[in-house]
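Subject: Structure handover and notes

Dear colleague,

I am passing on to you the structure we spoke about, with its sequence, and would be glad if you could look through it alongside the notes below.

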Amino acid sequence: MRIGFACILVAAAAASMSDTDVLSFLERMRTTPGQLYANIEPAEGEYLRGLVRQAKARKALEIGTSTGYSGMWIALGLRETGGRLVTLEIDKARYTTATSNFRATGLAALIDARLGDALVETPKVEGPLDFVFIDAHKPDYLRYYELVLPKMRKGGVIAAHNVTSHPSPMRDFLDRIANDPKVKTEIVNPGQQGFSVSWVR
Ligand SMILES: C[S@@+](CC[C@H](N)C(=O)[O-])C[C@H]1O[C@@H](n2cnc3c(N)ncnc32)[C@H](O)[C@@H]1O
């Protein structure tokens, strides 16, 4: 018998999935219509999960939830560090898909998903933050960065996506993180799109 994705969602809703089952869920998302919108790649997800571990993050923020794909990779890392994630999304349909996925995997217990404009919602997120992932409107990356930097714990990390695939609309952000003495930045490419990784001094 062929079990559909929706049935798996319902069946899994009650309990927290094992890491292996969450990884299978993430893989199924990639081939299921309506489940993807501008998400990171699997290798990038694995990288973010490791970065959460490396930062020993307890309090994390994601700007740009989409359908929840990257948020679940981050949450897998947070499950190991004992942390929690706040994730912000402006689009209601994508927010609804993401929250449904978080419930289905049981990761909802670790994720506070908020519907709204990150430029309005970020100031309301309580710090100190250990880990921030920026992956929303590219021309606003510098504004997101300026909102989160004062909330960061020393030794925390701010990662941003698409820095090698789409550098033009975020040039001001890239110049700032390269020259800001408050952070030490490297550019990494675990996939095709590139992350900036700025460690807070
Ligand atoms: C590239 S996608 C995020 C992909 C997601 N991080 C993943 O890999 O699964 C960018 C998302 O940011 C959202 N977005 C854009 N501007 C935003 C804003 N000002 N506040 C909150 N979300 C925003 C978009 O609606 C879109 O869903």
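What follows is a description of the ligand site, the pocket and two points of backbone geometry.

Please bear in mind throughout that this is a predicted model, and that the values below are computed from it.

I began with the ligand, which is surrounded by 23 residues, the closest of them being Asn39, Gly64, Glu89, Ala118 and Asp135. Sorted by class, this shell is made up of ten nonpolar, seven polar and six charged residues. Several backbone atoms come within polar contact of the ligand: a backbone N or O atom of isoleucine 40 lies 2.8 Å from a ligand oxygen atom, while a polar backbone atom of isoleucine 90 is 3.2 Å from a nitrogen atom of the ligand, and for alanine 118 the distance from a polar backbone atom to a ligand nitrogen atom is 2.7 Å. Taken on its own, the ligand has 600 Å² of accessible area, and the protein covers 92% of that area.

The ligand occupies the space of the largest pocket. Helix H4 (69-81) and strand E2 (84-89) are the elements that contribute two or more residues to the shell around the ligand.

As for the pocket itself, its space comes to about 450 Å³. It is lined by 27 residues, among which Gly64, Glu89, Asp135, Ala136 and His137 are the closest to the pocket centre. The elements giving two or more residues to this lining are E2 and helix H6 (118-121), so you will meet strand E2 both here and in the ligand shell. By class, the lining has eleven nonpolar, ten polar and six charged residues.

Two features of the backbone also deserve a look when you go through the model. The peptide bond between glycine 127 and proline 128 is cis, with an omega of about -5°, and proline 128 is placed in the loop between H6 and strand E4 (129-134). Lysine 56, although not a glycine, has a positive phi of about 50°, and this lysine belongs to the loop that runs between helix H3 (42-54) and strand E1 (59-63).

With best wishes

Notes:
Residues numbered from 1 in each chain as written. Predicted model: local features only at pLDDT ≥ 70, side-chain atom pairs only at ≥ 80, totals over all residues. Heavy atoms only, no water. Near = heavy atom within 4 Å. Polar contact = N/O pair within 3.5 Å; in protein donor to acceptor, adjacent residues only side chain to side chain. Areas by Shrake-Rupley, 256 points an atom, 1.4 Å probe, with all protein chains shown as cover. 1 Å grid on protein atoms, 1.4 Å probe; cavity = no way out; pocket = protein on both sides within 12 Å on 5 of 7 lines; lining within 4 Å. Sits in = over half its atoms within 2 Å of the grid points. Helix = DSSP H or I, 4+ residues; strand = E, 2+ residues; numbered from the N terminus. Nonpolar A, V, L, I, M, F, W, Y, C, P; charged D, E, K, R; others polar. Points joined across faces, edges and corners; volume = space filled by probe spheres on them.
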